[in-house]
Amino acid sequence: MSDLRELYQEVILDHAKKPRNFHTMPDSARAADGHNPLCGDRLRVFVRVENGVIQDISFTGSGCAISTASASMMTEALKGKSLADAQAVFESFHDLLTTGNHADKDEELLGKLAVFGGVREFPVRVKCATLPWHTLQAALQGSAAPVKTE
Ligand code: ZN
């Protein structure tokens, strides 16, 4: 189990050090801001949707390793997904972090995102991990108010 945990930490650290899709997008893209005052994470998520499909997704900002890795892996996981599929991934991810309950279908949906399962043991960190996802939801809903975890 400890080997597995180390592997998970490696994946998270890799994404935290070299975040994928870490850039802004033109004004035409939808965007929303997220802030987790408990930790100091601040990020902006950009998303471009066409015909119900996430064509492009990116983020900027600064935060801890967990929030940065979660945002980075979220962009990788959701690019090219339909909004319905993205919502299913979000719900599985949320369940993984809050209840720990997940079905086999969730494992398939989550893929590499399953590495965040260990974060559940640290409730403060759960907010770091879910911040990018809640921020994406706000961007998709066209909400102008910044997302706050508090
Ligand atoms: Zn954080």
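1. In this predicted model, a good place to begin is helix H5, where Val126, Cys128, Ala129, Thr130, Leu131, Pro132, Trp133, Thr135, Leu136, Gln137, Ala138 and Ala139 are buried. These buried residues pack against several other elements, namely the strands S1, S2, S3 and S4 together with the helices H2 and H3.

2. The length of H5 can be checked by simple reasoning: at 1.5 Å a residue, its 19 residues (123-141) should span 27 Å, and because the end C-alpha atoms are 27 Å apart, the two values agree. The helix nevertheless has a kink of about 40° at Thr130, shortly before the proline Pro132, and just after H5 the residue Gly142 takes a positive phi of about 70°.

3. Strand S3, which runs over residues 53-62, contains Ile54, and this residue counts as buried because its relative accessibility is 0%. Beyond its neighbours within four places in sequence, Ile54 is in contact with residues including Val47, Val49, Leu78, Leu83 and Ala86; the C-alpha atoms of Ile54 and Ala86 are separated by 8.4 Å, although the two residues are 32 apart along the chain.

4. Turning to charged side chains, the count of salt bridges comes to seven. One of them joins Asp33 and Arg44 at 2.8 Å, N to O, and since Asp33 lies in strand S1 and Arg44 in strand S2, the pair ties together parts that are eleven residues apart in sequence.

5. Another salt bridge joins Glu76 to Arg20, with the closest N and O atoms 3.9 Å apart; Glu76 is in helix H2, whereas Arg20 is in the loop between helix H1 and S1, 56 residues away. Both residues belong to a network of salt bridges that links Asp14, Lys18, Arg20, Glu76 and Lys112.

Conventions:
Residues are numbered from 1 along each chain as its sequence is written. This is a predicted model: local features need pLDDT of at least 70, side-chain atom pairs count only at pLDDT 80 or more; totals for chains, interfaces and linings use all residues. Side-chain values use heavy atoms; hydrogens and water are left out. Helices (H or I, at least four residues) and strands (E, at least two) are DSSP runs, numbered from the N terminus. Buried means under 20% relative accessible area, exposed over 50%, partly exposed in between (1.4 Å probe, protein chains only). Contact means heavy atoms within 4.5 Å. The expected span of a helix is 1.5 Å times one less than its number of residues. The bend at a residue is the angle between axes fitted to the seven residues ending there and the seven starting there. A salt bridge is a side-chain nitrogen of Lys or Arg within 4 Å of a carboxyl oxygen of Asp or Glu.
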